[in-house]
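Hi everyone, thanks for coming. Let me put today's structure up on the screen, and then I'll talk you through it.

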Amino acid sequence: MIEFKLPSLGADMEEGKFLEWKVKPGDRVKRGDIVAVVETPKAAVEVEIWDEGTVQELLAKPGETYPVGAVLARLAGTGEKPAAVPPQKPQVQVRRRISPAARKHAEERGIDVEKVQGTGPDGAVTVEDVEAAAAKKILPKEKEQDKSLQQDKSLQMRAAIAAAMSRSKREIPHYYLSETIPMLRASEWLARENEKRPVTGRLLMAVLQLKAVALALAKFPDLNGFYRDGAHQPSAAVHAGVAISLRQGGLIAPAIHDVQAKTLDALMKDLADLVKRARAGSLRSSEMSDPTVTVTNLGEGGVESVFPIIYPPQVAIVGFGTLAERPWAHEGGLRALPTVVASIGADHRVSDGHRGALYLAELARLLQEPEKL
Amino acid sequence: MDKTAVKNQVLEELKRIAPELEEGELRLDRPLREQVDLDSMDWLNFIVALHERFKVEIPEADYRKLGTLDETVAYLAAKAA
């Protein structure tokens with residue numbers, strides 16, 4: 001018997017509100033399938049399962065809040081004989097009859113169909129019932145509720161960020177290093193590349209930087225992975241959390257997986273998709289729970305450099321400042337060149353400044369050969 | 001193309017990317033990206049949206065001609081004419 005538990009969807013999460021099941025008893029699931037939706041202060045997260053088997057029993061109920069680690073469902077593993085399907089709970093008998101059309105109708109109108117009075121056969125809820133309920137709904141009040149809900153969400157997100165960052169500054173002895181990297185070659189290569197591409201296929205410098213960060217990490221395992229139970233757990237793959245600021249305020253850093261193994265085009269697609277979904281508040285559990293390092297591009301906001309704070313339990317974070325033309329000694333003369341200040345905040349329990357310095361040098365070297373990224 | 005029509009359409013696309021934008025607070029002759037807080041991904045999405053809406057090619061080298069909303073409208077009006 002396999003227990004499907006509520007995973008931690010980030011260091012700042014202690015509990016989550018269960019929203020919805022995407023499977024039912026009897027369904028076969030495999031690794032990576034989305035089985036449920038859970039709300040965290042930062043997003044409604046689609047929770048994936050990492051086991052294979054047949055769903056036996058759904059324990060979690062929509063609307064209830066569960067602590068991380070709570071058993072949400074039981075599954076029979078492959079090869080395991082599924083236990084006799086448990087007798088259906090009386091819940092099914094009291095379940096109200098709602099026509100699919102009425103359900104869809106209610107959804108479109110933002111009405112909780114469970115609360116609609118049914119007038120059909122056996123008290124079934126019909127489309128007309130939904131219409132009647134919609135007519136009664138006083139819209140301005142709803143809007144006010146929306147607004148206070150939004151404020152509530154902002155407060156929750158603030159609290160989540162506060163918890164994670166307080167833990168980071170309390171527990172992790174950071175060291176910080178920075179290095180100015182000439183970006184003439186990367187800029188010229190990117191401009192040439194984008195000239196050849198249609199507007200829908202253009203690349204961003206952020207993608208080159210992301211790939212370089214990941215490739216350089218391959219040689220510095222002490223800057224990638226987690227710090228748990230008093231020890232560093234390195235990771236062969238680089239799952240880079242990308243810091244994304246949300247327009248309504250707040251910040252989220254979901255992961256792009258296996259950055260070291262992806263092409264620039266694939267990364268560009270992933271990044272565009274991730275930013276879009278992060279801003280829409282719809283992310284997957286693996287994106288939330290397993291970034292092995294974080295990259296922050298605060299230079300977008302115009303600052304020269306960043307002194308980044310590690311997102312626990314990670315062991316390093318890489319920052320990029322604004323890409324801008326600055327005076328630079330170049331081939332014996334002084335030139336205005338595009339440069340960027342790359343920085344790293346790393347965990348001194350795991351690595352020393354010397355390693356961080358070598359890492360930044362490797363990152364700078366990789367960015368001089370953009371065609372190889 | 002009529003500049004007012006272009007401006008309205010540009011604003012529509014801008015609001016799709018930055019829904020919190022208050023039109024009254026936008027200065028037409030000041031740098032657009034700073035005012036609306038568009039990062040490079042937002043900016044690229046904005047360019048793609050303009051490309052699709054006005055059926056014009058906007059090479060990267062032309063980005064500097066789209067500094068303000070006024071400049072953007074003039075650029076598109078001329079190109080889509």
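I'll start with confidence, then turn to a pair of helices, and finish with the contact between the chains.

This is a predicted model, in which local features need pLDDT of at least 70, side-chain atom pairs count only at pLDDT 80 or more, and totals for chains, interfaces and linings use all residues. Residues are numbered from 1 along each chain as its sequence is written, while chains are lettered from A and ligands numbered from 1 in the order in which they are written.

Chain A has a mean pLDDT (the predictor's confidence in each residue, from 0 to 100) of 88, with 91% of its residues at 70 or more. Over residues 87-94 of chain A, though, the pLDDT is below 50, and this stretch has zero contacts beyond near neighbours in sequence. Contact here means C-beta atoms, placed from the backbone, within 7 Å.

Now the helices, which are DSSP runs of H or I with at least four residues, numbered from the N terminus. Helix α6 (residues 205-217) and helix α9 (residues 353-367), both of chain A, pack at about 130 degrees, with axes 9 Å apart. Axes are lines fitted to C-alpha atoms over the stretch in contact, and angles run from 0 to 180 degrees between N-to-C directions.

Finally, what does each chain bring to the contact? Chain A gives 12 residues and chain B gives 13 residues. On the side of chain A that touches chain B, α5(A) gives the most, with three residues. Thanks for listening!

Technical notes:
Helix = DSSP H or I, 4+ residues; strand = E, 2+ residues; numbered from the N terminus. Contact = placed C-beta atoms within 7 Å.
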